[in-house]
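The paragraphs that follow lead through one model, beginning with a single helix and moving on to the sheets and the helices that lie across one of them. Please keep the sequence and the coordinates open while reading.

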Amino acid sequence: MRFGDYELDLARFELRRSGVRVRVQPKVLDLLVYLVRNRERVVPKDELLDVVWQGVAVSETALTHGVKEARRAVRDDGNRQSVIQTVRGRGYRFVARLEEPREEPLSGETGEPFVGRDPVLEMLHPEFAAACRGRPRLVFLTGEPGIGKSRTALEFAEAARSSGARVLVGRSLEGEGAPPHWPWTQIVRSALRRGLVDRGRLDPGTKSVLLQALPDLRADLVDAEQPPELLSLSDDQARFRLSDELSRLLHGIARKRPVVLILDDVHWADQSSLHLLEFLVREAEPAPILVLGTYRDAELARDPARARLLGSVARSPGSHTLRLQGLEPGE
């Protein structure tokens, strides 16, 4: 997140000015991050003391000193208050103009215009509207290879993002080389790197569960100096804990803005990834989340076990399957 010459990197837990890291005490940076994440309101002093100095008995003097140091780090002071504003008798508020990193376009990877698919897009809009009302939805786009499933999903996601939605993408890989849960690894990594999840506030147990199932997230999830203690779980326990923690994480992201999840090429997804999707759909609590999955019919015909599992997911309440056909002559 950028404001003026500064960048606040929530994934690396760094403050940078013109690309150079600013030395700042961890508690002071915690204070600044919390104010940024709650910038839409005045944060009471008691709340800041409880959150930043959690479990430590300190006086209001510690908070005053922390605010002073945070202002010094961003070249602000008590007179200007161009970054951190004091609201007398209430607390503090982050008031600098904040610019979140511009996200790259999801569609148009080939530079070619998008043609047709109006009937499919018209069917997707009510699904997104239902999700925005807190009813999680799942839509599969299916069809033969090259028919335009992925492009259609990304075009719709781009439109949803223009309406304020967060978009997270996970792609399955062909072959046996990809690690388990690979699409979900990509989704969680993107959420961490974009600051949609504050890793500093994740419970150690949550980190442990995620790391055991998604080990490729280690660099994004923990500091090398303080790795979390791994839990001793059976396979069934680990599967349930991962499903539950992933669901909580996505629901947390969706509290502020609707979320669109793209799961591309699920005909190549490992069964563990499909079980996670099934849990997310079947056990979902009310949340503005729309899942768009794409798969090839022909691939599933050669894998009965995966076809049965995917069919079970597709029959879940709130789920629909749309088959893409060829373009019309005019298109």
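Helix α6 covers residues 182-193, and at 1.5 Å a residue its 12 residues should span 16 Å, which agrees with the 16 Å between its end C-alpha atoms; the expected span is taken as 1.5 Å times one less than the number of residues. Helices here are DSSP runs of H or I with at least four residues, strands are runs of E with at least two, and both are numbered from the N terminus. This is a predicted model, in which local features need pLDDT of at least 70 and side-chain atom pairs count only at pLDDT 80 or more, whereas totals for chains, interfaces and linings use all residues. Residues are numbered from 1 along each chain as its sequence is written, and side-chain values use heavy atoms, with hydrogens and water left out.

Of the 12 residues of α6, 10 are buried, where buried means under 20% relative accessible area, exposed over 50%, and partly exposed in between, for a 1.4 Å probe and protein chains only. Among these buried residues are W182, W184, R189 and L192. Just after the helix, G195 takes a positive phi of about 75°.

A second buried position is A130, found in helix α4 (residues 118-132), with a relative accessible area of 4%. Leaving aside residues up to four places away in sequence, A130 touches R135 and R137, contact being heavy atoms within 4.5 Å. A130 and L290 are 160 residues apart in sequence, yet their C-alpha atoms are 8.8 Å apart in space.

L290 belongs to the stretch of strand β11 (residues 289-296), which pairs in the parallel sense with strand β10 (residues 259-264) over 5 bridges; two strands count as paired if DSSP finds at least two bridges between them. Within this pair, V259 has I289 of β11 as its bridge partner. Both strands belong to an open sheet of 5 strands with parallel pairing, in the order β9-β10-β11-β8-β12. Because β9 (166-171) and β12 (319-323) stand at the edges with a single partner strand each, one side of each is left without a neighbour in the sheet. Neighbouring strands of this sheet are turned by 15° against each other on average, direction ignored.

Two helices lie across strands of this sheet. Helix α10 (residues 271-282) lies across β8 (137-143), β10, β11 and β12, while helix α12 (residues 304-314) lies across β8, β11 and β12. α10 runs at about 135° to β8, and α12 also runs at about 135° to β8, with axes fitted to C-alpha atoms, for helices over the stretch in contact, and angles running from 0 to 180 degrees between N-to-C directions. How do the two helices stand to each other? Their axes come within 9 Å and cross at roughly 15°, and α10 and α12 are therefore roughly parallel, the term for angles under 35 degrees. The contact involves, among others, L274, L277 and R282 of α10 and R306, L309 and V313 of α12.

Elsewhere, strand β7 (residues 91-94) runs antiparallel to strand β5 (residues 43-44), joined by 2 bridges, and P44 stands opposite G91. Strand β6 (residues 84-87) pairs with β7 in the antiparallel sense over 4 bridges, with F94 as the bridge partner of I84. The hairpin of β6 and β7 has 3 residues between the strands, and in this hairpin G89 takes a positive phi near 80°.

Conventions: Angles under 35 degrees count as roughly parallel, over 145 as roughly antiparallel, 65 to 115 as roughly perpendicular and the rest as oblique.
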